[in-house]
Amino acid sequence: MRRPSHPTDVPASPPRPGNLPHEVNRFVGRAAEVTALVAALEAGRLVTVTGVGGVGKSRFVARAAAHVPRELCPDGVWRVELADVRLPELVEYTLAEALGLTDHTTRPPRQVLVDHLAERGIVLVLDGFEHLVDACAALVRDLLRAAPGLRVVAVGRRPLAVDGERVFPLAPLTPADAAELFADRAAALLPWFERDGRTRVDVLEVCRRLDGLPLAVELAAGRLRALSPGQLVERLDDRFRLLRGGGRDALPRHQTLRTTIGWSHELCTPRERLLWARLSVFSGSFDLEAAEYVCGGEGLAADDVLDVLDALLAQSVVVREEARGGARYRMLDTVRAYGAEWLDDLGDGRRMRRRHRDWYMGLATWCELDWFSPRQSEVAARIEAELPNLRAALEHCLTEPGETYLGQYLAGTLWFYWAGCGRLAEGRHWLDRSVGRDADPDGGGPGAGDLEYEASRLKALWVLGYVAILQGDTVPALAALQECREEAERAGDATALAYAVHRTGCLALVTDDLPRAEEWLRSALADYREIGELNSNVLMGQVELAMAVAFQGDLAQAVALCTDVRQVCEDHGERWTLAYALYVLAYARWTEGRLGQARALLDECLAIDHEFHDLLGTVLALELLALVTVEEGDAAEAAVLQGAAARMWTSVGLPLFGSAHYNAPHERCERRARQALGDARFAELARTGEELGLDEAVARALGSGRRPARAAAVPRPRPAEPVPDTREPATSRTRRGGETAG
């Protein structure tokens, strides 16, 4: 007898792809507006939600986007936060980052976005674009033309002025909804709060005076720690008269919001106002240690910053958010802008921006050193969280007279992040800018002969060469490395010279000049030993040397080199370079017919690469796993993995560096799989792999070794094929990891 179905037997629908933030408190009101926005998005492909700052646009759009029918966006809803982006040229990088795209080619980022979105059904939320309206308008126009399944919701204080745009003005809350919002936030703050009698009247009056702006209402509710609703009414009346100093041509809503924020500012103590102004130098979120260093001193002791920050948190001036490394803090954009005006009025903006720069240069220096340690993953997460502030520091250095050399130092010091955490394109942007500024225009900083300036520029040059190599852009790479070698020799900088020689060996390796690669790499490793240098870069040089000798047929020496690297990595807790050493060792096990050992090594290698978002290392490991899989007798699964790798290669660049060594494992695997499956079945399974996302492909590859239906492998010697075709890809990859690891 068939058992009746039960609701719990029905499989839950999979979560929709995307990155919409989860709601942390109750969403109040706007039910009709949510329905209307969804309808507008169904009727048109571009809807811009406009309204004054503080009207609740971001929260409202996130709520409405979550209710967009799945058939309208089968590939999810993706939100891009642009408030922290200062430069128009970074809009495309920020969008690619939000979509989880990693691209190591020299393709323009806009082309990468077009290629990704062309065949997808996505709703894209662009939040906070008003200071980048021209760049965003042009980008949205191009993407909508190229991607028929794309729909865009733009969120800002003005329209984009793009053809086909539907403008959706968002009004303040109704009096009833504003009062409900006030009561909800008040009850969260004071559990005994009740809206009855005189309190109800006062709450309605507060909300009316604040024009129903959600930000203003929430700020007012935050003052209930010290004031009653009746006192709020009295003080709001005073502050309206006091703060109506804006231009007469300003919109009333703008005046209302400014009045509300100004009133909250006036209720702060002098030290709270001072910290509010100083915190405005941060871009995006920040942690307590940064706030204490940057904002402490001259009227506010560093030891007192925590207490004052806590007071600002209680008043909703600053928002706390949880991150991997602990609590972080953020100011709403409108609140930060108000603080920035006060900072400029105090005449302290330039000094605070320099302190901000100093902190993040110190952070980058520490992270570079700490990369060669068991804390690599924590370092990667820390830099990821601090990226908006690092961008602000870089921009300050490269625009402030006399500080170009500091920008070169910072861009070069972040090599491990550019190369190892999927940020090659952005790293190239900052390195090109910094190296292109040979001297400071006003002569206020170090000159071309200054040792500190020279060291910063030399570091930026070899890092630029390395990043260009990983992008397959060999001509600029050669020019940067040659300049670095010549200048380092002239200046007697042995460290910069060793790195330039090392990277020149990398360039020879990826351009198939193996004897020259071996010569350069051996020379660099000898120089490293002489100057006492040991870090992820040095170990990566040894892995790259292993690649070079393996490509020339000396597999035993390659294994010995990588076995030594593996031991040193394990001793120091280094994992990034370890992944590339494991790749070479896995290849060696494959050549010996020890497929189980090869798979175990590759599983560890792939897991590390994926953790660090290294697409290059990931796809190399995936290719070799496909080869191992077909050798184990599962041609069908190998075809799927090859399809997944093929999709990844479009972001890495094909043929990789133009090297003949890198395609051999792929070609061998494909040849054997086609022989077993036939061309039609192989193509069908490869298409299945191409449809997998990055996370899905990695998960499938890591699980493929546990599939039950697999023929037993028969160990046997490898056919006499050129050594290069096997592990070469891994080796080059290693180089890339090496940059990250130092």
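## Largest cavity

Four residues from helix α16 (residues 376-399) make the greatest contribution by any element to the lining of the largest cavity. The structure is a predicted model, and the space enclosed in this cavity comes to about 70 Å³.

The lining consists of Asp84, Val85, Arg86, Leu87, Leu90, Ser283, Pro388, Arg391, Ala392, Glu395 and Trp430. In terms of residue class, six of these lining residues are nonpolar, one is polar and four are charged. Asp84, Arg86, Arg391 and Glu395 are among the residues that line the cavity, and Asp, Glu, Lys and Arg are the types counted as charged.

## Second largest cavity

The count of cavities of 30 Å³ or more is two. The second largest has a volume of about 40 Å³. Its lining is formed by Leu37, Val38, Leu41, Val61, Ala64, Ala65, Val68 and Val153. Two elements, α1 (31-43) and α2 (57-65), each supply two or more residues to this lining.

The class composition of the second lining is eight nonpolar residues, with no polar and no charged ones. For the largest cavity, by contrast, the lining includes four charged residues and one polar residue.

## Packing of α1 and α2

The two helices that contribute to the second lining also pack against each other: the axes of α1 and α2 come within 9 Å and cross at roughly 65°. This crossing is right-handed. On the α1 side the contact involves Glu33, Val34, Leu37 and Val38, and on the α2 side Phe60, Val61, Arg63 and Ala64. By class, the contact comprises six nonpolar residues, no polar residues and two charged residues.

Several residues appear in both descriptions. Leu37 and Val38 of α1, together with Val61 and Ala64 of α2, take part in the helix contact, and these residues are also found in the lining of the second largest cavity.

## Confidence of the model

For the protein chain, the mean pLDDT is 85, and 87% of the residues reach 70 or more. Residues 239-256 have pLDDT below 50, and this stretch makes 21 contacts in the model beyond near neighbours in sequence. A further stretch with pLDDT below 50 covers residues 708-742, for which the model contains 161 contacts beyond near neighbours in sequence.

Methods: Residues are numbered from 1 along each chain as its sequence is written. This is a predicted model: local features need pLDDT of at least 70, side-chain atom pairs count only at pLDDT 80 or more; totals for chains, interfaces and linings use all residues. Side-chain values use heavy atoms; hydrogens and water are left out. On a 1 Å grid over the protein atoms alone, a cavity is a set of points where a 1.4 Å probe fits but cannot get out, and a pocket is an open set with protein on both sides within 12 Å along at least five of seven lines; lining residues have an atom within 4 Å of a point. Grid points are joined across faces, edges and corners, and a volume is the space filled by probe spheres set on the points. pLDDT is the predictor's confidence in each residue, from 0 to 100. Contact means heavy atoms within 4.5 Å. Axes are lines fitted to C-alpha atoms, for helices over the stretch in contact, and angles run from 0 to 180 degrees between N-to-C directions. A crossing is left-handed if the near helix is turned anticlockwise from the far one by less than a right angle, and right-handed if clockwise.
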